[in-house]
Amino acid sequence: QVQLVESGGGLVQPGGSLRLSCAASGSLFSIDVMGWYRQAPGKERELVATFTTGGGTNYAESVKGRFTISRDNAKNTMYLQMNSLKPEDTAVYYCRYRNHYYQVYWGQGTQVTVSS
């Protein structure tokens with residue numbers, strides 16, 4: 001069983017920055033995969049940024065150059081640094097964890113609102 005807790009969301013003005021955190025606990029293995037997704041009302045949940053099994057990263061085209069995914073393995077924590085935020089980034093952001101049995105776990109989500 002894996003538990004995921006996101007934090008760091010809130011209200012920010014266009015052009016501002018936020019850093020999201022996802023703290024993971026439970027049965028964790030280094031071969032498992034983590035990433036960030038987001039969902040706005042009436043829209044499908046979409047990939048924002050993920051780590052790949054090869055050790056690299058993938059980003060949605062809409063966030064490339066603005067968002068950076070990172071992790072601290074010693075703390076079992078993943079981060080999403082979001083810069084130059086736009087109103088279109090407004091969504092609930094979710095931490096996603098996929099274990100070596102291909103079971104997927106989601107955090108509760110954290111609201112990010114970009115508005116003036």
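## Arg-38 and its two partners

Let's start with Arg-38, which pairs with Glu-46 in a salt bridge whose closest N and O atoms sit 2.8 Å apart. Keep in mind that this is a predicted model. The two ends of that pair differ in how much surface they show: Arg-38 is buried, at a relative accessible area of 6%, while Glu-46 is partly exposed, at 32% relative accessibility.

Arg-38 has another salt bridge too, this time with the side chain of Asp-89, at 3.0 Å from N to O. Where do Asp-89 and Arg-38 lie? Asp-89 is in the loop between strand S8 (77-82) and strand S9 (91-98), and Arg-38 belongs to strand S4 (residues 33-39), so this pair ties together parts that are 51 residues apart in sequence. Asp-89 is buried, because its relative accessibility is 2% and the cut-off for buried is under 20%.

## A pair with more surface showing

How many salt bridges does the structure hold? There are four, and one of them joins Glu-61 to Lys-64, with 2.7 Å between the closest N and O atoms. Here Glu-61 counts as exposed, at 63% relative accessibility, and Lys-64 as partly exposed, with a relative accessible area of 45%.

Which residues end up linked into one network through shared partners? They are Arg-38, Glu-46, Arg-66 and Asp-89, joined by their salt bridges. In general, side chains of opposite charge can pair when their charged atoms come close.

## A four-stranded sheet

Now for the strands. One open sheet has four of them, in the order S1-S3-S8-S7, and the pairing is antiparallel. Strand S1 (2-7) and strand S7 (67-72) are the edge strands, each pairing on one side only. On average, neighbouring strands in this sheet are turned by 15 degrees against each other, direction ignored.

Strand S8 takes part in this sheet, and S8 is also one of the two strands that flank the loop holding Asp-89. That's a handy landmark for finding the salt bridge between Asp-89 and Arg-38.

## Where S1 meets S3

To see the pairing up close, look at S1 and strand S3 (residues 18-26): they run antiparallel, and six bridges join them. Which residue in S3 is the bridge partner of Ser-7? It is Ser-21. As a general point, strands of a sheet pair through backbone hydrogen bonds, either parallel or antiparallel.

Notes:
Residues numbered from 1 in each chain as written. Predicted model: local features only at pLDDT ≥ 70, side-chain atom pairs only at ≥ 80, totals over all residues. Heavy atoms only, no water. Buried < 20%, exposed > 50% of the residue type's maximum accessible area, 1.4 Å probe, protein only. Pairing = 2+ DSSP bridges. Axes fitted to C-alpha atoms, helices over the stretch in contact; angles between N-to-C directions.
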